[in-house]
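Subject: Structure handover

Hello,

The structure is below, and my notes follow it. Please have it open as you read.

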Amino acid sequence: MDLTLLYRGPLASCDYDCPYCPFAKRRDTGDQLRADRAALERFTAWAAASTDDRLSILFTPWGEGLVRSWYRRALVELSHLPHVRRVAIQTNLSCRTDWLADADPGTVALWCTYHPGQTPYDRFLAKCRELSARGVRFSVGVVGLPEHLAAARALRADLPDHVYLWINAAEGRTYTDPEADTWTGIDPLFPYSRHPHASAGLPCRTGESVVSVDGEGTVRRCHFVPAPLGNLYDGSYRSALGPRGCPLTTCDCHIGYVHLETLPLYDVFAGGVLERVPAPRADAAPTVTWLPPPTTAAR
């Protein structure tokens, strides 16, 4: 079967101190880092042995993974496996990029976020240009806060035209129509992020062809639904896979709502769902009926 796995191990440390992130500047102990490494290596070994399936893998660590050698090694190793269609990771791009020379550029990809104030603009831009020169698939994004607008505009002007610059609606922020229009002028797909999406009872690929996996191998339909489906390593999750409606009222995180069957995002991001790279000519502004944002939601 074609199976997409969103892997999130116990790693929680990050080298940035973003005020809008609850995991900023957290430090893992040596024991915690060793546990994260062991968990990732176990997952990578499982993926390498699962040759009967076609796998797509997105690493979504709470912390920054690519400053750790075991995440870089996992991406390189997985990128060369013939049954792995795509392997990608969410990253702040604070790491070096030379390790990507050992990866298969046809399989590996990066979902990069620029955090103004955490790293010099020119340094981040230089790394993006290195990725482009290496032929690595990647997207770049910014959180849609007013103080980030100038940086977002600069990135759009300075990045190669083929690199998609996405804008994430900020946690708990309501955008007026003029504000939303400004961000949409930078990212034509910003309307998908502006408001949470109705999801209660609606068909979603999570739990059927997309699953979330933690460091213990517990499989859930996605990061936002806590009910377990089984365990990856004993195979107990397989019998639980199947079509099912979403049990939540709304979904407001891209790694969740991109899999809703009621949205056209598998067409918009065809070939680049995991790394958030739209298909060619998929840059038209979407037409979507929005729900008012809830008072509290996780993004």
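Is the crossing of helix 3 and helix 4 left-handed or right-handed? The crossing is right-handed (clockwise turn of the near helix from the far one; anticlockwise by less than a right angle would be left-handed).

This is a predicted model, where local features need pLDDT of at least 70, side-chain atom pairs count only at pLDDT 80 or more, and totals for chains, interfaces and linings use all residues. Numbering runs from 1 along each chain as its sequence is written, and side-chain values use heavy atoms, without hydrogens and water.

Helix pair

Helix 3 covers residues 121-134 and helix 4 residues 149-158. Their axes come within 11 Å and cross at roughly 35° (lines fitted to C-alpha atoms over the stretch in contact; angles run from 0 to 180 degrees between N-to-C directions). Tyr-121, Phe-124, Leu-125 and Arg-129 of helix 3 meet Ala-151, Ala-154, Leu-155 and Asp-158 of helix 4 (heavy atoms within 4.5 Å). By class, that contact has six nonpolar, no polar and two charged residues.

Whole chain

The protein chain has eight helices and 13 strands (DSSP runs: H or I, at least four residues; E, at least two). Its radius of gyration is 18 Å, close to the 19 Å from the globule rule for 299 residues, so the chain is as compact as a globular protein of that length (C-alpha atoms; 2.2 Å times the number of residues to the power 0.38). The C-alpha trace spans about 50 × 45 × 35 Å along its principal axes.

Regards

Note on methods. Ala, Val, Leu, Ile, Met, Phe, Trp, Tyr, Cys and Pro count as nonpolar, Asp, Glu, Lys and Arg as charged, and the others, Gly among them, as polar.
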